[in-house]
Amino acid sequence: MSDTVKYVITNENWDDNFDEALVDNSSLTFVRPKWIHTCHDKRSFVPFQPYIIVPR
């Protein structure tokens with residue numbers, strides 16, 4: 001993951017690989033695909049916070 005990547009879209013729950021990715025790029029945000037669908041439906045960016053995947 002380069003430092004230009006901001007979001008990772010995934011259906012997965014938090015995984016050890018996410019921790020490893022954050023070591024390389026601490027600004028990554030992991031979000032559900034529903035965020036992309038909602039943005040598309042509204043034809044605008046919507047807040048990503050409700051779609052964030054966090055460690056359990």
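A contact here is a pair of residues with heavy atoms within 4.5 Å, and among the contacts in the chain between residues at least 6 apart in sequence, 22% join residues at least 24 apart. Keep in mind throughout this tour that the model is predicted.

**The whole chain**

Begin with the whole chain shown as a cartoon, where two helices and two strands make up the secondary structure, and follow the elements from the N terminus in the order β-α-β-α. Taken along the principal axes, the box filled by the C-alpha atoms is roughly 35 × 25 × 15 Å.

Next, colour the model by pLDDT, which has a mean of 95 over the chain, with 98% of the residues reaching 70 or more. Among the elements, select helix H1 (residues 16-24) for the lowest mean pLDDT, 93, and then helix H2 (residues 34-42) for the highest, 98.

Now turn on the surface, whose accessible area comes to about 4,300 Å², with 51% of it belonging to carbon and sulfur atoms. Of the 56 residues in the chain, 29% are buried. If you select the charged side chains, you will find 6 positive and 8 negative ones, and the centres of these two sets lie 17 Å apart.

**The nonpolar cores**

Hide the surface and select Val8, Phe18, Ala21, Leu28, Phe30 and Ile53, the six residues that make up the largest nonpolar core. Apart from it lies another core, of five residues, which includes Val31, Trp35, Cys39 and Val46. As background to both selections, nonpolar side chains in soluble globular proteins tend to be buried together.

Return to the largest core and centre the view on phenylalanine 30, which, leaving aside its neighbours within four places in sequence, is in contact with Val8, Trp14, Phe18, Ala21, Leu22, Tyr51, Ile52 and Ile53.

**The loop between H1 and E2**

Which loop holds leucine 28? Select the stretch between H1 and strand E2 (29-31), where leucine 28 is found. This residue has a relative accessible area of 7%, and because the cut-off for a buried residue is under 20%, leucine 28 counts as buried. A distance drawn from C-alpha to C-alpha between leucine 28 and phenylalanine 18 gives 9.0 Å, for two residues that are ten apart in sequence.

In the loop between H1 and E2 you can also select serine 27, which counts as partly exposed at 44% relative accessibility. Leaving aside neighbours within four places in sequence, serine 27 is in contact with Val5 and Lys6. Its C-alpha atom is separated by 7.8 Å from that of aspartate 3, although serine 27 and aspartate 3 are 24 residues apart along the chain.

**Helix H2 and the segment after it**

Move to helix H2 and select threonine 38, which has its place there. Is threonine 38 buried or exposed? With a relative accessible area of 11%, threonine 38 is buried, and, not counting residues up to four places away in sequence, it touches Val46 and Tyr51.

Continue into the segment after H2 and select arginine 43. Most residues other than glycine have a negative phi, whereas arginine 43, which is not a glycine, has a positive phi of about 55 degrees. Arginine 43 counts as exposed, at 79% relative accessibility.

Proline 50 also lies in the segment after H2, and with a relative accessible area of 64% this proline is exposed. To relate proline 50 to the largest core, draw a distance to valine 8, which is one of the residues of that core; the C-alpha atoms of proline 50 and valine 8 are separated by 14 Å, with their positions 42 residues apart along the chain.

**Back to the N-terminal segment**

For the last stop, select serine 2 in the segment before strand E1 (7-9). Serine 2 is partly exposed, with a relative accessible area of 37%. A final C-alpha to C-alpha distance, from serine 2 to cysteine 39, comes to 24 Å, the two residues being 37 apart in sequence; cysteine 39 is among the residues of the five-residue core selected earlier.

How values were computed. Residues are numbered from 1 along each chain as its sequence is written. This is a predicted model: local features need pLDDT of at least 70, side-chain atom pairs count only at pLDDT 80 or more; totals for chains, interfaces and linings use all residues. Side-chain values use heavy atoms; hydrogens and water are left out. Helices (H or I, at least four residues) and strands (E, at least two) are DSSP runs, numbered from the N terminus. Buried means under 20% relative accessible area, exposed over 50%, partly exposed in between (1.4 Å probe, protein chains only). Accessible areas come from the Shrake-Rupley method with a 1.4 Å probe; for residues, only the protein chains shown count as cover. Lys and Arg count as positive and Asp and Glu as negative; His and the chain ends are not counted. The place of a charge is taken as NZ of Lys, CZ of Arg, CG of Asp or CD of Glu. A nonpolar core is a set of buried Ala, Val, Leu, Ile, Met, Phe, Trp, Tyr and Cys residues joined through side-chain atoms within 4.5 Å. pLDDT is the predictor's confidence in each residue, from 0 to 100.
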